[in-house]
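Please work through the exercises below with the sequence and the coordinates open side by side. Each task is followed by a solution that goes step by step.

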Amino acid sequence: MGNQEMTMPTKYSPQDTEAKWYPFWVNGKFFEATGKEGKKPYTIVIPPPNVTGKLHLGHAWDTTLQDILIRTKRMQGYDALWLPGMDHAGIATQAKVEGKLREEGLSRYDLGREKFLEKSWEWKEEYASHIREQWAKLGLALDYSRERFTLDEGLSKAVREVFVRLYEKGLIYRGEYIINWDPQTKTALSDIEVIYKDVQGAFYHMKYPLVDGSGYIEVATTRPETMLGDTAVAVHPEDDRYKHLIGKKVKLPIVGREIEIVGDDYVDMEFGSGAVKITPAHDPNDFEIGNRHNLERVLVMSEDGKMNENADKYQGMDRFECRKQIVKDLQDMGVLFKIEEHTHSVGHSERSGAVVEPYLSTQWFVKMEPLAKAAIELQKSDGKVNFVPERFEKTYLHWIENIRDWCISRQLWWGHRIPAWYHKQTGEVFVAHEAPKDIENWEQDNDVLDTWFSSALWPFSTMGWPNIESADFKRYYSTDVLVTGYDIIYFWVARMIFQGLEFTDKRPFKDVLIHGLVRDSQGRKMSKSLGNGVDPMDVIDKYGADALRFFLATGSSPGNDLRFYWEKVESTWNFANKIWNASRFALMNMNGLKYEEIDLSGEKSIADQWILTRLQETIESVTRLTEAYEFGEVGRVLYNFIWDDFCDWYIEMAKLPLYGENEEAKQTTRSVLAYVLDQTLRLLHPLMPFITEEIWQHLPHKGESITVAAWPEKQGDLIFANAVVDFNLLKDIIRSVRNTRSELNVPMSKQIELHIKAKDEQVLGQLNRGLQYIEKFCNPSELKLGTDLPTPEKSMSNVLTGVELFLPLAGLLDLDAEIARLEKELEKLDKEVERVQKKLSNQGFIAKAPEKVIEEEKAKEKDYIEKREAVQARIAELKG
């Protein structure tokens, strides 16, 4: 089969090419996992993007890597499942919907919970379609028949099941704790939703007087408004300056409350005055000290960031207005005696931009230490989660070995509502999958779960869990690889491992492939404030998805950041054009060749044998490197093979038989062209799916789509080692003659005399076998080959491995310049000989290096010495 009659356009247009193939793939169900017995399953679950947003370059990079893996595995015969889905993104979605309501002069409270949720679902449906459109433009091979959403019925059931089980095991509890609080959206935030910015602030130094009148103790703070909630001053128990004061009391200025001086090892004696004010309701470290010393927790702010009834005369003031007023008042009282400018890192809400307040609140928490223990033990076993690169395992273990309990409740309406009810009379807490039967006596908790709670279940909840008899759960879980950025190892990767082990007794994925961040060309993080962001859809509109994908896949190595350069994307687009033009040439010269007519059994030229061998080497390298997730190297190998070997060398060589009279040679060359191009397109397909499908459909082929064509396998009977040696010599000769012509401005159209002196009969045989290529691509007026040719006078020369080239160029050669060039070449060879001999005389190297490496170095030494001797002889002749 094939569509050679449908000629390819002269110019490659990614916009025209890419538009038609995605519907073809989806409608043909080529991306759907089959569940066929006998095929080994291979599973990836997509990290679900927020349903609110546009996909950024980081998403494009992350999904491109997954797409490469899933397409490769499908072609290798696996039952490949790439499960798509989206995250409900609690805070982000609610903020968007509330913003829309504000434009209409409404708030969520005007609508009520049910109506607000209806609006949120409408928003979800609209934006989910935008995400799918972007997936389509990227060409992602997703199984849409299994698409999931973190708030769909099945996942909601899984979330309730996990909550109830953890609660019944005592791993979920409700209690007071210091959390990240956003006073603008009035909700708790996870650590990942807090963005830290350097802010110009101050240290405010104050004197707290001792109650017995014997003096004062100096403390300092960056948030003086919180002093209204102080319930102690802490010093180090070994600090000679203060240990005699432990147990005494100071009087809290303004409030007048007497608070104790306590000794605690947490205090750094070297920092500041060595005494620390303790505000257990407004600082996480103070909270822990308060617990150790049974201190009262005095909350001085309301949820909206205004001072409350415990703030004395400042009640009702905004926290920052209060700061200004309290500083003035403390100065007037003589308590605040020094203000020291200080730049410090301050947390801001990622969504609202508000300064985050460490805030004492009653919330739901997960006890993380018991879950972390199982994950730590897993990493000591053969069945551990493999991090790529390995260094990120240390990062992961460091985080989970120092883990804190996880605040999972959020003061939102959009999300998984906490399955807990409170009895209206008794206050009893009822936690269950469903509401109590006498619901009129109960009130459900108003909060929802942190978005990361449902995301942590993603690898198994999407497969039908808690129904462990689900066909997908039994076949496709656990998954093979998770591809994600290093910035969410703790927030998401660790929690998925915890929950996977707790509820399935299996690791959720075998490997975790870590990539970095996409930065701009200067290495800066892309952000709205810098205005340096790049929309991947804009890149696709300009250069096509294949160009963007190839750039993203090959622009970095695992674990490292990637810098975005428009020039590199354009370079990849040029690569696509090169492939297109080479394919057009091949197709125009196939003369209607059919798939069943492809025959590689005929007599093959040196060029045929060489390209077939190079193809087998490329197949082996690409397959091995893909398994190792070295996509940058995959791209380099393919680029070099396609651009250099196939396009620049083989196609030029193929023109000799194609334009000749030997019909048998023509047919063999057509077969080699068709076969090599077909296999090359298959190797390239996972990186550049659109252009490869387009070209492959024009080629003689078998099957409906390249997406389900078999992955190339190395064929031992198509490896011709001798041909590679012969051809490499021919390449060196042709390249050398071309370079000499270029140096002397002698065009290829002008014939030149060429003498090639072989070092022995074996090399002479190689030259004779490749005679047609030397004559065609060197264009000699006279060609002399031999082992004992006399050196022509006044000629340009070049010493290659096994041969010496002489180009008699009477009237064109500057004798002094040629001697200078040879002396420069001699100097270079002297250094190479010295380097390799130094290496070989190093006993440490000889003792440790593998035998193969030592032999390679000896071969280099022999080669450099032979070249040096030839250059020395040539210099002597010219100086004559």
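The exercises below treat helix packing, one helix in detail, an aspartate in a loop, and some backbone features.

The model is predicted, so local features need pLDDT of at least 70 and side-chain atom pairs count only at pLDDT 80 or more, whereas totals for chains, interfaces and linings use all residues. Residues are numbered from 1 along each chain as its sequence is written, and side-chain values use heavy atoms, with hydrogens and water left out.

**Exercise 1. Two packings of helix 16**

Task: Describe how helix 16 packs against helix 21 and against helix 2, and classify the residues of each contact.

Solution. Helices (H or I, at least four residues) and strands (E, at least two) are DSSP runs, numbered from the N terminus. Two packed helices are described by the angle between their axes and the distance between the axes. Axes are lines fitted to C-alpha atoms, for helices over the stretch in contact, and angles run from 0 to 180 degrees between N-to-C directions.

Step 1. For helix 16 (residues 545-554) and helix 21 (residues 689-698), the angle is about 125° and the axes are 7 Å apart. Helix 16 and helix 21 are therefore oblique to each other, given that angles under 35 degrees count as roughly parallel, over 145 as roughly antiparallel, 65 to 115 as roughly perpendicular and the rest as oblique. Helix 16 contributes A545, D546 and R549 to this contact, and helix 21 contributes P689, F690 and I691, where contact means heavy atoms within 4.5 Å. By class, the residues of the contact of helix 16 with helix 21 are four nonpolar, no polar and two charged; Ala, Val, Leu, Ile, Met, Phe, Trp, Tyr, Cys and Pro count as nonpolar, Asp, Glu, Lys and Arg as charged, and the others, Gly among them, as polar.

Step 2. Helix 2 (residues 57-75) and helix 16 cross at roughly 90°, and their axes come within 9 Å, which makes helix 2 roughly perpendicular to helix 16. On the side of helix 2 the contact is made by L57, A60, W61, T64, L65, D67, I68 and R71, and on the side of helix 16 by L548, R549, L552 and A553. The residues of the contact of helix 2 with helix 16 comprise eight nonpolar, one polar and three charged.

Step 3. Helix 2 also holds T72, which is buried at a relative accessible area of 3%; buried means under 20% relative accessible area, exposed over 50%, partly exposed in between (1.4 Å probe, protein chains only). Not counting residues up to four places away in sequence, T72 touches T626, P686 and W711.

**Exercise 2. The span of helix 20**

Task: Compare the expected and the modelled span of helix 20, then describe its burial and its start.

Solution. Step 1. The expected span of a helix is 1.5 Å times one less than its number of residues. The 22 residues of helix 20 (residues 663-684) should therefore span 32 Å, and the end C-alpha atoms are 31 Å apart, which agrees.

Step 2. Helix 20 is mostly covered, as 18 of its 22 residues are buried.

Step 3. At the start of helix 20, a side-chain oxygen of N662 comes within 3.0 Å of the backbone nitrogen of E664.

**Exercise 3. The surroundings of D535**

Task: Is D535 buried or exposed, and with which residues is D535 in contact?

Solution. Step 1. D535 lies in the loop between strand 24 (518-519) and helix 15 (536-543), and D535 counts as buried at 17% relative accessibility.

Step 2. The side chain of D535 makes a polar contact of 2.9 Å with the side chain of K54. A polar contact is a pair of N or O atoms within 3.5 Å; within protein, one must be able to donate a hydrogen and the other to accept it, and residues adjacent in sequence count only if both atoms are side-chain atoms.

Step 3. A polar atom of the D535 side chain lies 2.8 Å from the backbone nitrogen of M537. Leaving aside neighbours within four places in sequence, D535 is in contact with K54 and L55.

**Exercise 4. Backbone features in loops**

Task: Locate the cis peptide bond that joins V388 and P389, and describe K29 and A89, which have positive phi values.

Solution. Step 1. The bond between V388 and P389 has omega of about 0°, and P389 is found in the loop between strand 15 (386-388) and helix 10 (391-401).

Step 2. K29, which is not a glycine, has a phi of about 60° and lies in the loop between helix 1 (14-27) and strand 1 (41-45). At 54% relative accessibility K29 counts as exposed.

Step 3. A89 has phi near 50° and is found in the loop between strand 3 (85-86) and helix 3 (90-103); at 5% relative accessibility, A89 counts as buried.
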